[in-house]
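Work through the exercises below with the sequence and the model side by side, trying each task before reading its solution.

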Amino acid sequence: MSFNSNGSMRKSGKSDAILDWLQMFSGVALIIFVFMHMSLVSSVIINPAVMDNIANTYEKNYMAQIGGPILFLLFLFHFYLAARKIPFRLDGQKTIWAHAKMMKHRDTWLWIVQVVTAMLILVMGSIHMWAVLSDLPITAARSAARVQSGPWVYFYLVLAPLVILHVVAGLYRIAVKWGFIGNAQRAKLNRFATGLAVFFICIGLATIVRFMTLNA
């Protein structure tokens, strides 16, 4: 489903198919990054030294200095591709909302969840990346100091679940849309996606608590 600039639905063509492929590949790349990033940050639960060692390895290979800006550009590119299908005008939004309530279809609601979370992540994710990349190197102590200062803890209590919901919903929709999972496996995929989301949200919250209790 795509929309014109005035919010009305338009037909998709060959160029849209190519852009859909690019959206899928950029989305998969970002999903992989999110899981890798969470693995790095959540290692502080085991021991702050473990997180520091992993982050130090990234620093030595310039993955933060070079990879950070590249990641941000990929982040914007993916949003640009996804925005083609987002109705920004009020009449288009009303149409989507009416269709979602009428059809009562899980995948339609998941798309709405992705749209809403994407808008918030665009702003909050940009703030997070700027805060991290402007305060290198990444260490457990620096991260803890940031979480413990000002309103940052509330910021991450909102951002972490938003990212997980967006990523897991995206993973589910990629598997279904591109035929990796058939109709017969949708119920299993739904249970897996739900469990994955709950697991990583719990990990994210545990990580925030660990930073709050760490002597910065």
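The exercises go from the whole chain to single helices and then to a pocket.

This is a predicted model, in which local features need pLDDT of at least 70 and side-chain atom pairs count only at pLDDT 80 or more, while totals for chains, interfaces and linings use all residues. Residues are numbered from 1 along each chain as its sequence is written, and side-chain values use heavy atoms, with hydrogens and water left out.

**Exercise 1. The whole chain**

Find how many helices and strands the protein has, and in what order they run.

Step 1: Taking helices (H or I, at least four residues) and strands (E, at least two) as DSSP runs numbered from the N terminus, the protein has eight helices and two strands.
Step 2: Read from the N terminus on, the order is β-β-α-α-α-α-α-α-α-α.
Step 3: Of the 216 residues, 39% count as buried, that is, under 20% relative accessible area, where exposed means over 50% and partly exposed lies in between (1.4 Å probe, protein chains only).

**Exercise 2. Helices 3 and 7**

Compare the reach of helix 3 with its expected span, and list its buried residues.

Step 1: Helix 3 covers residues 67–83, and its 17 residues reach 24 Å from first C-alpha to last, close to the 24 Å expected at 1.5 Å a residue, where the expected span is 1.5 Å times one less than the number of residues.
Step 2: The buried residues of helix 3 are Gly68, Leu71, Phe75, His78, Phe79, Leu81 and Ala83.
Step 3: Helix 7, with 26 residues, reaches 36 Å, close to the 38 Å expected, and is followed by glycine 179, whose phi is positive, near 75 degrees.

**Exercise 3. Alanine 49**

Is alanine 49 buried, partly exposed or exposed?

Step 1: Alanine 49 lies in helix 2, residues 48–60.
Step 2: Alanine 49 is partly exposed, because its relative accessible area is 39%.
Step 3: The C-alpha atoms of alanine 49 and alanine 140 are separated by 7.7 Å, although these residues are 91 residues apart along the chain.

**Exercise 4. The second largest pocket**

Which helix gives the largest share of the lining of the second largest pocket?

Step 1: The second largest pocket (an open set of points on a 1 Å grid over the protein atoms alone, where a 1.4 Å probe fits, with protein on both sides within 12 Å along at least five of seven lines) has a volume, the space filled by probe spheres set on the points, of about 190 Å³.
Step 2: Helix 5 (106–133), helix 7 (152–177) and helix 8 (186–213) each give two or more residues to this lining, and helix 8 gives the largest share, five residues.
Step 3: Among the lining residues, which have an atom within 4 Å of a point, are Leu110, Tyr172 and Asn190.
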